[in-house]
Amino acid sequence: MRSKPRRARPAVLRAVAVASALAWGGCGSEKVSSVEVTSVTLRPASATLIVGDSRRFTADIRDQDGNAVPATIVTWSATPASVITVDDSGLVQAVGAGSGTVRATAQGVSGSASITVEPPPTIAVSSSTAS
């Protein structure tokens, strides 16, 4: 007499799928690098902006061998807030005249760039009177 092959229960299949996903590094779409960051370099290294301008900065993140470290969470900050602000993607906005610093931090390692913000140009308007 032949026995019928047993079918796996859905709960068992789900447990196997979850265990496999965890073994392969998780099941989420966001990847986080396990390589240690040793340097963060901002590009551009410095910039001069006019109040009201914006400029995108990028963080070049490297490991001890100089290899790029992909999928690393970067935290952006800018000081002073009266001169520049920065969003989560590295977009710097010039809000007041002066000097400031934008900083990117990944795994506790930081890099920075200097920013000079100039006031908007003034345009002198003169009127002449015809006689």
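Which residue in S7 does Arg-55 stand opposite? The points below take up this question together with the rest of the strand pairing.

1. Confidence. The model is predicted. Its protein chain has a mean pLDDT of 81, with 72% of the residues reaching 70 or more. The pLDDT falls below 50 over residues 6–31; beyond near neighbours in sequence, that stretch has five contacts in the model. Any reading of residues 6–31 should be set against this pLDDT, which is below 50.

2. The three-stranded sheet. An open sheet is formed by three strands, in the order S3-S7-S6, with antiparallel pairing. Strand S3 (54–56) and strand S6 (84–86) are its edge strands, each pairing on one side only. From one strand to the next, the twist averages 20°.

3. S3 against S7. Strand S7 covers residues 91–94 and is joined to S3 by three bridges; the two strands run antiparallel. The residue opposite Arg-55 is Val-92 in S7, which settles the opening question.

4. S5 against S8. A further antiparallel pairing links S5 and strand S8 (residues 98–106), over five bridges. Within this pairing, Ser-77 has Arg-103 in S8 as its bridge partner.

5. The two faces of S5. Side chains alternate along strand S5, residues 75–79. Trp-76 and Ala-78 point to one face and are buried. Thr-75, Ser-77 and Thr-79 point to the other face and are not buried. Ser-77, the bridge partner of Arg-103, thus belongs to the face whose side chains are not buried.

Terms used. Residues are numbered from 1 along each chain as its sequence is written. This is a predicted model: local features need pLDDT of at least 70, side-chain atom pairs count only at pLDDT 80 or more; totals for chains, interfaces and linings use all residues. Side-chain values use heavy atoms; hydrogens and water are left out. pLDDT is the predictor's confidence in each residue, from 0 to 100. Contact means heavy atoms within 4.5 Å. Buried means under 20% relative accessible area, exposed over 50%, partly exposed in between (1.4 Å probe, protein chains only). Helices (H or I, at least four residues) and strands (E, at least two) are DSSP runs, numbered from the N terminus. Two strands pair if DSSP finds at least two bridges between them. Axes are lines fitted to C-alpha atoms, for helices over the stretch in contact, and angles run from 0 to 180 degrees between N-to-C directions.
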